[in-house]
Amino acid sequence: MAITGRNDGTAGPIRLGMVGGGKDAFIGGVHRIAARLDGKFDLVAGALSSTPERALESGRALGLAEDRIYSDFTEMAKREVRIKSGIEAVAIVTPNHVHYTAAREFLRRGIHVICDKPLTSNLADAKKLVKAAENSDALFILTHNYTGYPLMRQAREMVAAGDLGEIRLVQVEYVQDWLTEHVENKQADWRTDPARSGVGGATGDIGTHAYNLARFVSGLKVESLAADLQSFVPGRQVDDNGHVLLRYENGARGMLWCSQVAPGNENGLRLRIYGTKGGLEWGQENPNELWFTPFGEPKRLITRGGAGASEAGNRLTRVPPGHPEGYLEGFANVYSEAAAAIIAARSGDAAPAGTIYPTVQDGLEGVQFVDACVRSSSRNAAWVSFG
């Protein structure tokens, strides 16, 4: 059955609203850049803060009409669905504990949802949000932005084509240092508060990215895991480091390390996958290079948009080889894929062939990953089932 969402016969850029992302919010600005990079979205409304004065100030700074600036996302959802030029999609860029209630209000009214990760702050809400998305005729897109990097699309295609043979080993890490000491600022405050972030600290913030990218590229599902989580900084209530062993359903084995207390690492997301016929290596801080090594042969360097680049990756490439593309462009690629699906939904059509974006089910897996890690670590790193 085709997904329709709000179909008012309009054309042109998708009318976008935003929940969260007001003044001084980092990720809100990233979403706005990503949404407008390809000219497919137009931000027309927002509940940018729950504080009326701050919401108004933030909305004015973005040039929003004052009657489209809200301090309550439920009020925004109710009004926007009634007006002719109401939003078609909403970006939810709040702390994790708000994701479920905000997304539910828009999904129930047929407004497409583009939500930051992780899906929710706890597994119970994640399961309820999956049901809400399934019961809605609107699309749900989760912004795991690293899946939008062109060479990750190529790596996924190479694994699926059998270039690596049967996958045996998956090694992924996401390592930072910004929480090595106690930090007090807006970003650190909510990310280290279990009431807002959820029970996972580093596991929820960046471990979910590492898990999702390994899942996206390898295509493998985790069967069970054993996690050893730490809160190294005194007084910290959530984990800031985690070592996780993974057993995959096909018999492959994996290791995932996530840390925000490793000095010298800024945004070290790295993925290595090895099979019976070869291996792949990629690092986010040098995202335009992918190393492919067929067994018994020299390493081969594949560059974004260069010789050997695939159509899957080239479709998401904006500038010629040698001109760096990275974080913002990868984020924009997720928005661009979402736009293709939303524009098709205007007329009740399926998304164009090859359109890929993380879904609510991917989000559920991410929260299941965090839940399993916490359960395992509480049992002295015992093996626990996934899900």
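**Buried residues, cores and helix contacts**

Phe106 is buried, with a relative accessible area of 0%. That value, like the rest of what follows, comes from a predicted model. Phe106 belongs to helix H4, which covers residues 99-107. Setting aside neighbours up to four places off in sequence, Phe106 touches Val19, Phe73, Met76, Ala77, Ile87, Val90, Ile111 and Val113. One of these partners, Ala77, sits 29 residues away along the chain, yet the C-alpha atoms of Phe106 and Ala77 are just 5.7 Å apart.

Next come the nonpolar cores. The largest of them holds 45 residues. Inside it, the residues with the most contacts are Met152, Val217, Leu225, Leu256, Leu271, Leu290 and Phe369. The element that gives the most to this core is helix H9 (residues 202-218), with 8 residues. There is also a second, separate core, made of 33 residues, among them Val44, Tyr70, Ile111 and Ala133.

Leu225, one of the best-connected members of the largest core, has plenty of company. Not counting residues up to four places away in sequence, Leu225 touches Val244, Leu245, Leu246, Phe369, Ala372, Cys373, Ser376, Ala382, Trp383, Val384 and Phe386. Phe369 is thus a partner of Leu225 and is itself listed among the residues with the most contacts in that core.

Helix H9 is worth a second look, starting with Thr208, which lies in it. Thr208 counts as buried because its relative accessible area is 1%, under the 20% cut-off. The side chain of Thr208 reaches back to the backbone oxygen of Gly204, at 2.6 Å. Beyond its neighbours within four places in sequence, Thr208 is in contact with Lys117, Pro118, His144, Thr203, Gly366, Phe369 and Val370. Phe369 turns up here again, as a contact of Thr208.

H9 also packs against helix H6 (residues 150-160): the two axes come within 7 Å and cross at roughly 45°. H6 and H9 are therefore oblique to each other. On the H6 side the contact involves Met152, Arg153, Ala155, Arg156 and Val159, while H9 supplies Leu213, Phe216, Val217 and Ser218. Sorted by character, the residues of the contact of H6 with H9 come out as 6 nonpolar, 1 polar and 2 charged. Met152 from H6 and Val217 from H9 both take part in this contact, and both names appear among the residues with the most contacts in the largest core.

The C-terminal part of H9 meets a strand residue too. Ile273 is placed in strand S10 (residues 268-275) and is buried, with a relative accessible area of 1%. Its contacts, leaving out neighbours within four places in sequence, are Leu164, Ile167, Leu169, Val170, Val217, Ser218, Gly278, Gly279 and Leu280. Ile273 and Ala214 are 59 residues apart in sequence, with 8.4 Å between their C-alpha atoms.

A second helix pair is formed by H5 (residues 123-134) and H12 (residues 360-378), whose axes come within 9 Å and cross at roughly 170°. That angle makes H5 roughly antiparallel to H12. From H5, Leu123, Ala126, Lys127, Leu129, Val130, Ala133 and Glu134 meet Val360, Gln361, Leu364, Val367, Gln368 and Asp371 of H12. The residues of the contact of H5 with H12 split into 8 nonpolar, 2 polar and 3 charged. Ala133, part of this H5 contact, is also included in the second core.

Notes
Residues numbered from 1 in each chain as written. Predicted model: local features only at pLDDT ≥ 70, side-chain atom pairs only at ≥ 80, totals over all residues. Heavy atoms only, no water. Core = buried A, V, L, I, M, F, W, Y, C linked by side-chain atoms within 4.5 Å. Buried < 20%, exposed > 50% of the residue type's maximum accessible area, 1.4 Å probe, protein only. Helix = DSSP H or I, 4+ residues; strand = E, 2+ residues; numbered from the N terminus. Contact = heavy atoms within 4.5 Å. Polar contact = N/O pair within 3.5 Å; in protein donor to acceptor, adjacent residues only side chain to side chain. Axes fitted to C-alpha atoms, helices over the stretch in contact; angles between N-to-C directions. Parallel < 35°, antiparallel > 145°, perpendicular 65-115°, else oblique. Nonpolar A, V, L, I, M, F, W, Y, C, P; charged D, E, K, R; others polar.
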